[in-house]
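Look at the model below with its ligand in place. The text that follows starts at the ligand, moves to the surface and the interior, and ends with the charged pairs.

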Amino acid sequence: MKMTARTILITGGSSGIGLELAGQLLARGNVVIITGRDERALATAARRLPGLHTFRSDVSEAGDIRAVYESVTASFPALDTLVNNAGIMRIIRLAEHRALEDVTQEIDIDLSGPMRMVQQFLPHLQSRPNALIVNVSSGLAFVPFPISPIYSAAKAGLHAYTRCLRAQLKGSNVTVVELAPPLTETPLFTAEFASQMNGQKGMAVDVLARRAIAAVEAGKTEIRPGQSNLLKIASRLAPGLIFTQMSKVGRS
Ligand SMILES: NC(=O)c1ccc[n+]([C@@H]2O[C@H](COP(=O)([O-])OP(=O)(O)OC[C@H]3O[C@@H](n4cnc5c(N)ncnc54)[C@H](OP(=O)(O)O)[C@@H]3O)[C@@H](O)[C@H]2O)c1
């Protein structure tokens, strides 16, 4: 599947992996629209990447999803690619007090977000030739990370959902891809997690985006760069051992 001359909507495109994908995909002659919650971050991204289109929309709000659908399909009827990339990841100590409204944010954004986006956009994508959905999960979809329990559950759920979506759309004009990034040098990683990782560095974000685009073009439907592939293999060969190792990170 060529990643040129497409019309691509990327959720959470104002930072990190989404922003890097947006830049590389624009440079290949695609029309790219990004979403995010923060208007200022969207404006900064648009200044950085001339030609980029932006739309403020929160993937955890059903009304925002309806609004971005109406606007984007009206302005860009050639839309043929949806990249469900928006996500948050927090360290959550389950024994500490936390409001019920707050505790499941990763489920609302990282799991319900892509499910609702697909529900809303699928009829349109089915009307386009060679349509593509890319769901951005994580290497943690294969092995849970105990300091981020809600995130781990959301990404494992997204992995399961993406497999089901691919099976249901098999033989149709819509290709379903899962991109499971490893640790990647973005604000999400450097903000809260880098200090927990004993100096371990993530993959450079430009390398991750290049590998992801090349893998889609090569026809891969489950893309597991670097450590994500190791996590999947370890989850099969030595599930207890790898989970014990992951459980040691951030233990206070
Ligand atoms: N970096 C890593 O190590 C790593 C590893 C594996 C998987 N991933 C996954 O890769 C994806 C991108 O992460 P990243 O590292 O690039 O993070 P990032 O730099 O923090 O960027 C996250 C993007 O998502 C947007 N976003 C967050 N909540 C949103 C919401 N409710 N609605 C719409 N947009 C929202 C953010 O903008 P606003 O805050 O303005 O909304 C921002 O544009 C995520 O799904 C993450 O789980 C990252």
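Helices are DSSP runs of H or I with at least four residues, numbered from the N terminus. The model is a predicted one, and the helix numbers are used throughout the text below.

Begin with the ligand. The shell around the ligand holds 30 residues, and the closest are Ser14, Ser15, Arg37, Tyr151 and Thr186. Three helices each supply at least two residues of this shell: H1, covering 16–27, H6, covering 149–168, and H7, covering 187–192. Of these, H7 gives the most, with three residues. Sorted by class, the shell has 13 nonpolar residues, 13 polar ones and four charged ones.

Which atoms of the protein lie 2.9 Å or less from N or O atoms of the ligand? The side chain of arginine 37 has an N or O atom 2.7 Å from an oxygen atom of the ligand. The side chain of lysine 155 also places an N or O atom by a ligand oxygen, here at 2.9 Å. Valine 59 takes part through its backbone, where an N or O atom lies 2.9 Å from a nitrogen atom of the ligand. The ligand taken alone exposes 890 Å², and the protein buries 92% of that area.

Turn next to the surface. Leu230, Ile233 and Leu237 form a nonpolar patch there, and together these residues have about 330 Å² of accessible area. Isoleucine 233 belongs to helix H9, which runs over residues 227–237. Is isoleucine 233 buried, partly exposed or exposed? Its relative accessibility is 40%, so isoleucine 233 counts as partly exposed.

Leucine 169 offers a buried case. This residue sits in the loop between H6 and strand E6, the strand covering 174–179. Leucine 169 has a relative accessible area of 9% and is therefore buried, the cut-off for that class being under 20%. Its C-alpha atom is 9.6 Å from the C-alpha atom of glutamine 126, although the two residues are 43 apart along the chain.

The last topic is charge pairing. How many salt bridges does the structure hold? There are 10 salt bridges in the structure. One of them joins arginine 28 and glutamate 217, with 3.0 Å between the closest N and O atoms. This pair links distant parts of the chain: arginine 28 lies in the loop between H1 and strand E2 (31–36), glutamate 217 lies in helix H8 (residues 205–217), and 189 residues separate them. Both partners are partly exposed, arginine 28 with a relative accessible area of 31% and glutamate 217 with 23%.

Another salt bridge pairs aspartate 102 with arginine 98, the closest N and O atoms being 2.7 Å apart. Arginine 98 is partly exposed, because its relative accessible area is 29%. In a further pair, glutamate 222 and arginine 224 have their closest N and O atoms 2.8 Å apart. The two partners of this bridge fall into separate classes: glutamate 222 counts as buried at 16% relative accessibility, whereas arginine 224 counts as partly exposed at 27%. Finally, salt bridges with shared partners join Arg90, Arg98, Asp102 and Glu106 into one network.

Technical notes
Residues numbered from 1 in each chain as written. Predicted model: local features only at pLDDT ≥ 70, side-chain atom pairs only at ≥ 80, totals over all residues. Heavy atoms only, no water. Near = heavy atom within 4 Å. Polar contact = N/O pair within 3.5 Å; in protein donor to acceptor, adjacent residues only side chain to side chain. Areas by Shrake-Rupley, 256 points an atom, 1.4 Å probe, with all protein chains shown as cover. Nonpolar A, V, L, I, M, F, W, Y, C, P; charged D, E, K, R; others polar. Patch = residues over 30% accessible without salt bridge, like charges linked within 9 Å, V, L, I, M, F, W, Y side chains within 5 Å. Salt bridge = Lys/Arg side-chain N within 4 Å of Asp/Glu carboxyl O. Buried < 20%, exposed > 50% of the residue type's maximum accessible area, 1.4 Å probe, protein only.
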